[in-house]
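Dear colleague,

Please find below the structure that I promised to hand over, followed by my notes on what was found in it. I would be glad if you read the notes with the model open beside you.

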Amino acid sequence: MNRRIEVKISLEVIPNEFWTDEESMLIARAKEILESAYAPYSGFLVGAALLLENGEVFAGNNQENVSFPVGICAERAVLSYVMGNFPNLKPVKIAIAAKRMGETGYAYVTPCGMCRQTINEYEMKFGNPIEILMLNGQGEILKAESIEQLLPFRFNNLNS
Ligand code: THU
């Protein structure tokens, strides 16, 4: 007989007045770096700020290409740089913000599938959850405690 597996996912929604100082700082860094994104094809500017276990924060943005698939998302841009340069420093949080070119308000953004799989990789590497803070269009943070919430049934074992 067929069975059904159910996965329950929940994200915390944090209104602006309840952001911690650290959350405010990370979202501010993501908002700042998105302004330098190179997104002439989509006009969708994304910034990501990555907090490491030692308190350091690095930021990255999306870099597009005339050959569309060559472009890279903000999340993978910052993760590749940081994990390449500081391979032993555990990433603990990533904040993401986005804006449409020419608009003043922020756009709702969640990481794409490839970025989710990339975040999953570094959770696995360090055996530690990475918190994902996503800015929505109402100025609230959607918080996932781990990539597990955004990537159920994730692929993380070649041998199982
Ligand atoms: N993008 C990101 O950089 N991060 C996301 O979380 C969503 C999408 C970029 C990819 C592309 O340059 C543009 O946004 C539109 O998809």
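Leu26 is found in helix α1, residues 21–34, where helices (H or I, at least four residues) and strands (E, at least two) are DSSP runs numbered from the N terminus. With a relative accessible area of 0%, Leu26 is buried, a term that stands for under 20% relative accessible area, as against over 50% for exposed and partly exposed in between (1.4 Å probe, protein chains only). Leu26 and Ile94 are separated by 68 residues in sequence, and their C-alpha atoms are 7.7 Å apart in space.

Before going further, please note that this is a predicted model, in which local features need pLDDT of at least 70 and side-chain atom pairs count only at pLDDT 80 or more, whereas totals for chains, interfaces and linings use all residues. Residues are numbered from 1 along each chain as its sequence is written, and side-chain values use heavy atoms, with hydrogens and water left out.

On the ligand, the residues around it, that is, those with a heavy atom within 4 Å of it, are Ser42, Phe44, Val46, Asn62, Glu64, Cys73, Ala74, Glu75, Val109, Thr110, Pro111 and Cys112. By class, this shell has seven nonpolar, three polar and two charged residues, where Ala, Val, Leu, Ile, Met, Phe, Trp, Tyr, Cys and Pro count as nonpolar, Asp, Glu, Lys and Arg as charged, and the others, Gly among them, as polar.

The polar contacts (pairs of N or O atoms within 3.5 Å; within protein, one must be able to donate a hydrogen and the other to accept it, and residues adjacent in sequence count only if both atoms are side-chain atoms) include two from glutamate side chains. A polar side-chain atom of Glu64 lies 2.5 Å from an oxygen atom of the ligand, and a polar side-chain atom of Glu75 also lies 2.5 Å from a ligand oxygen. In the case of Thr110, a polar backbone atom is 3.3 Å from an oxygen atom of the ligand. The ligand has 370 Å² of accessible area on its own, of which the protein covers 77%, as given by the Shrake-Rupley method with a 1.4 Å probe. The elements that give two or more residues to the shell around the ligand are β2 (44–52) and α2 (74–85).

Turning to strand β3 (residues 57–61), this is the place of Asn61, which at 8% relative accessibility counts as buried. The side chain of Asn61 reaches the backbone oxygen of Ile33 at 3.0 Å, and a polar atom of that side chain lies 3.2 Å from the backbone oxygen of Ser36.

Ala97, in strand β4 (residues 91–100), counts as buried at 0% relative accessibility; Ala97 and Asn85 are 12 residues apart in sequence, with 24 Å between their C-alpha atoms.

Two phenylalanines remain to be mentioned. Phe68, in the loop between β3 and α2, counts as exposed at 59% relative accessibility, and its C-alpha is 20 Å from that of Ala48, 20 residues away in sequence. Phe153 lies in the segment after β6 (141–144) and counts as exposed at 63% relative accessibility; although Phe153 is not a glycine, it has a positive phi of about 60 degrees.

With best regards
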